[in-house]
Amino acid sequence: MARIPAGRVATYGAIAAAAHASGARQVGYALHGLGPHSKVPWHRVLNARGLISLPGAAGALQRRRLESEGVRFSGRGAVDLARFGWVAPQSE
DNA sequence: CGGTTGACTTTCC
DNA sequence: AGGAAAGCCAACC
């Protein structure tokens with residue numbers, strides 16, 4: 001996840017596959033455990049629809065951070081994964 | 001040790 | 001096309 005370049009986003013499922021995680025939910029659970037103080041770019045992680053799955057103020061913070069990195073949001077607050085979606089480089 | 005939960009995804013209706 | 005249901009697996013109580 002830390003290898004995700006700025007201005008790009010990745011889905012939970014993609015990270016799970018790249019990180020050999022057991023499932024997309026576990027990725028989200030791990031992020032929940034990290035906390036907002038972690039230096040991991042957790043804000044670049046979105047769900048399969050390109051939407052922010054994180055409710056509350058943290059979600060608003062995430063969107064703001066992504067916009068700061070150049071990620072453009074669609075009218076419904078969704079990110080175009082076809083453009084900003086990050087593909088894991090054969091990370092064994 | 002077991003039932004519930006969750007920052008998810010996919011399929012079926 | 002939009003909502004409900006099921007699948008998934010580790011953490012929590």
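User: What does Gly 70 count as by relative accessibility?
Analyst: Gly 70 counts as partly exposed, with a relative accessibility of 41%. Buried means under 20% relative accessible area, exposed means over 50%, and partly exposed is in between (1.4 Å probe, protein chains only).

User: Anything I should know about the model before going on?
Analyst: This is a predicted model, where local features need pLDDT of at least 70 and side-chain atom pairs count only at pLDDT 80 or more, while totals for chains, interfaces and linings use all residues. Residues are numbered from 1 along each chain as its sequence is written, chains are lettered from A and ligands numbered from 1 in the order in which they are written, and side-chain values use heavy atoms, with hydrogens and water left out.

User: Thanks! Where does Gly 70 lie?
Analyst: Gly 70 is in the loop between H3 and helix H4 (81–84). Helices (H or I, at least four residues) and strands (E, at least two) are DSSP runs, numbered from the N terminus.

User: And how far apart in space are Gly 70 and Ala 6?
Analyst: Their C-alpha atoms are 8.3 Å apart, although 64 residues separate Gly 70 and Ala 6 in sequence.

User: Let's switch to the DNA. Which residues are closest to strand B?
Analyst: The closest are Arg 25, Trp 42, Asn 47, Ala 48 and Ser 53, out of 14 residues that surround DNA strand B. A residue is near a strand or molecule if one of its heavy atoms lies within 4 Å of it.

User: Which polar contacts go to strand B?
Analyst: Among them, a polar side-chain atom of Gln 26 is 3.0 Å from a base nitrogen of DNA strand B. Ser 53 has a side-chain N or O atom 3.0 Å from a phosphate oxygen of that strand. Leu 31 uses its backbone: one of its backbone N or O atoms lies 3.2 Å from a base nitrogen of DNA strand B. A polar contact is a pair of N or O atoms within 3.5 Å; within protein, one must be able to donate a hydrogen and the other to accept it, and residues adjacent in sequence count only if both atoms are side-chain atoms.

User: Which element gives the most to that surface?
Analyst: H2 does, with 6 residues on the surface near DNA strand B.

User: What about strand C, which residues surround it?
Analyst: Ser 22, Arg 25, Gln 26 and Tyr 29 surround DNA strand C. Sugar and phosphate make up 81% of the atoms of DNA strand C within 4 Å of the protein. For DNA strand B, 42% of the atoms within 4 Å of the protein belong to sugar or phosphate, and the rest to bases.

User: What does each side chain reach on strand C?
Analyst: Ser 22 has a polar side-chain atom 3.4 Å from a phosphate oxygen. Arg 25 has one 3.5 Å from a base oxygen. For Tyr 29, a side-chain N or O atom is 3.0 Å from a sugar or linking oxygen.

User: New topic: what is the volume of the largest pocket?
Analyst: About 400 Å³. Tyr 12, Gly 28, Leu 31, His 32 and Leu 54 are the closest to its centre, among 16 lining residues. Helix H2 (24–34) and helix H3 (57–68) each give two or more residues to the lining, and H2 gives the most, with 5.

User: How is a pocket defined here?
Analyst: On a 1 Å grid over the protein atoms alone, it is an open set of points where a 1.4 Å probe fits, with protein on both sides within 12 Å along at least five of seven lines; lining residues have an atom within 4 Å of a point. Grid points are joined across faces, edges and corners, and the volume is the space filled by probe spheres set on the points.

User: Which residues make up the largest nonpolar core?
Analyst: There are 10: Ile 4, Ala 10, Tyr 12, Ile 15, Ala 16, Val 27, Leu 31, Trp 42, Val 45 and Trp 86. H1 supplies the largest share of this core, 3 residues. A nonpolar core is a set of buried Ala, Val, Leu, Ile, Met, Phe, Trp, Tyr and Cys residues joined through side-chain atoms within 4.5 Å.

User: Last one: is Thr 11 buried or exposed?
Analyst: Thr 11 counts as buried, at 18% relative accessibility. This residue sits in strand E1 (residues 10–11), and a polar atom of its side chain is 3.1 Å from the backbone nitrogen of Ala 14. By contrast, His 20 is exposed, at 53%, and is found in the loop between H1 and H2.
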